[in-house]
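Notebook open, coffee at hand. I want to go through this fold and see where empty space is left inside it.

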Amino acid sequence: MKTFLKIWIISSFLISSSSPKLNLRDCADSDCQYIISNSAFWLSQSPIINPLNQGKIFVQYGLTSVDMSFDKKQIYPNLNISINITKNLSITSKIFGFQSNDDLPQVLGAGFQYYFGTNDTLNTLFSIQRSDLKGLHDFNLNSINVDLKKWLNWKKNKIRYGIGSLFYKSKISSDFRDLDLKQNGQINYFELEYLRSSFLIDLGLGFKISNKVISFSFITQKEIF
């Protein structure tokens, strides 16, 4: 647990020194659209859960770098808390906030993951997740992502891959109505994630790609009990 907290503190420092751009001021129309759609892409990240684990509560924290087509890389935090309800069903949640320039973004989300396959593997999952981004001066965002994925468990390694669709809707401040921004959108993507058990936590990487945007994630996960 101490190792997990150290990683959390270091990650929070990285966020504070390289906070993502979440305002629409002083940006071109196309860049403003990138901010909205790619913020939704960041919110679609879901936790990796092995249904065969004995644990009941999982905490997953990480950093996601999204290609915003800007000179400066945009780095976002992720925090997921999941509870195994049954062998086939887990409930997931996102409840956290951070500081980004003059904004105090708040992320609120919940969803579920359902696992099916043989009793020895349960290696296919279907998930739905709702995530909202609030607390910004310039826009708020609501999103729903639907995933169908497979996962492999080999020794200390976990690999998860599959496809998903993200549906989002934004509410833009009246100050930016003249930018003619799209308020609704859909992004289809392929995702590959890897976790490896290391000491008392799991460490891993994630890669997500669509025809519009690419993201890379650093992941830490702790099984509480």
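Among contacts between residues at least 6 apart in sequence, what percentage join residues at least 24 apart? I looked it up, and the figure is 57%. Note to self: this is a predicted model, and I keep that in mind for every entry below.

**Entry 1: layout.** I went through the elements and found two helices and ten strands. Reading from the N terminus, I get α-α, and then β after β until the strands run out. The protein has 225 residues, and 49% of them count as buried. I also looked up the accessible surface, which comes to about 11,200 Å². Carbon and sulfur atoms hold 60% of that surface.

**Entry 2: confidence.** Before going into details I checked the pLDDT. The average is 84, and 87% of the residues score at least 70. Which elements sit at the two ends of the scale? Helix α1 (residues 2-17) has the lowest mean, 50, while strand β5 (residues 124-134) has the highest, 96. Over residues 13-17 the pLDDT is below 50, and I find six contacts in the model from this stretch beyond near neighbours in sequence. Where pLDDT is low, the predicted coordinates should not be read in detail, so I leave those contacts alone.

**Entry 3: cavities.** Rolling a probe the size of a water molecule over the atoms shows where empty space is left. How many cavities of 30 Å³ or more does the structure hold? I get two.

The largest has a volume of about 70 Å³. On its lining I noted Phe41, Trp42 and Gln45, among others. Further along the sequence, the lining also includes Glu191, Glu193, Phe207, Lys208 and Ile219. Helix α2 (29-43) and the strands β8 (184-198), β9 (201-209) and β10 (214-223) each supply at least two lining residues. By class I have four nonpolar, five polar and three charged residues there.

The second largest cavity comes to about 40 Å³. Its lining is made of Ile48, Ile49, Asn50, Leu125, Trp151, Lys158, Ile159 and Arg160. Which strand gives the most to it? That is β7 (residues 157-172), with three residues. The class split here is five nonpolar, one polar and two charged.

**Entry 4: the largest pocket.** Next I turned to open space. The largest pocket has a volume of about 180 Å³. Gln33, Tyr34, Ser37 and Asn38 are on its lining, as are Tyr168 and Lys182. The rest of the list is Asn184, Gly185, Gln186, Ile187, Lys212 and Val213. Elements giving two or more residues to this lining are α2 and β8. I noted above that α2 and β8 also each supply at least two residues to the largest cavity. Sorted by class, the pocket lining has four nonpolar, six polar and two charged residues.

**Entry 5: one backbone oddity.** Lys155 caught my eye, with a phi near 55°, a positive value in a residue other than glycine. Where does Lys155 lie? I find it in the loop between β6 (139-154) and β7. Is Lys155 buried or exposed? Its relative accessibility is 68%, and exposed means over 50%, so Lys155 counts as exposed.

Note on methods. Residues numbered from 1 in each chain as written. Predicted model: local features only at pLDDT ≥ 70, side-chain atom pairs only at ≥ 80, totals over all residues. Heavy atoms only, no water. 1 Å grid on protein atoms, 1.4 Å probe; cavity = no way out; pocket = protein on both sides within 12 Å on 5 of 7 lines; lining within 4 Å. Points joined across faces, edges and corners; volume = space filled by probe spheres on them. Helix = DSSP H or I, 4+ residues; strand = E, 2+ residues; numbered from the N terminus. Nonpolar A, V, L, I, M, F, W, Y, C, P; charged D, E, K, R; others polar. pLDDT = per-residue confidence, 0-100. Contact = heavy atoms within 4.5 Å. Buried < 20%, exposed > 50% of the residue type's maximum accessible area, 1.4 Å probe, protein only. Areas by Shrake-Rupley, 256 points an atom, 1.4 Å probe, with all protein chains shown as cover.
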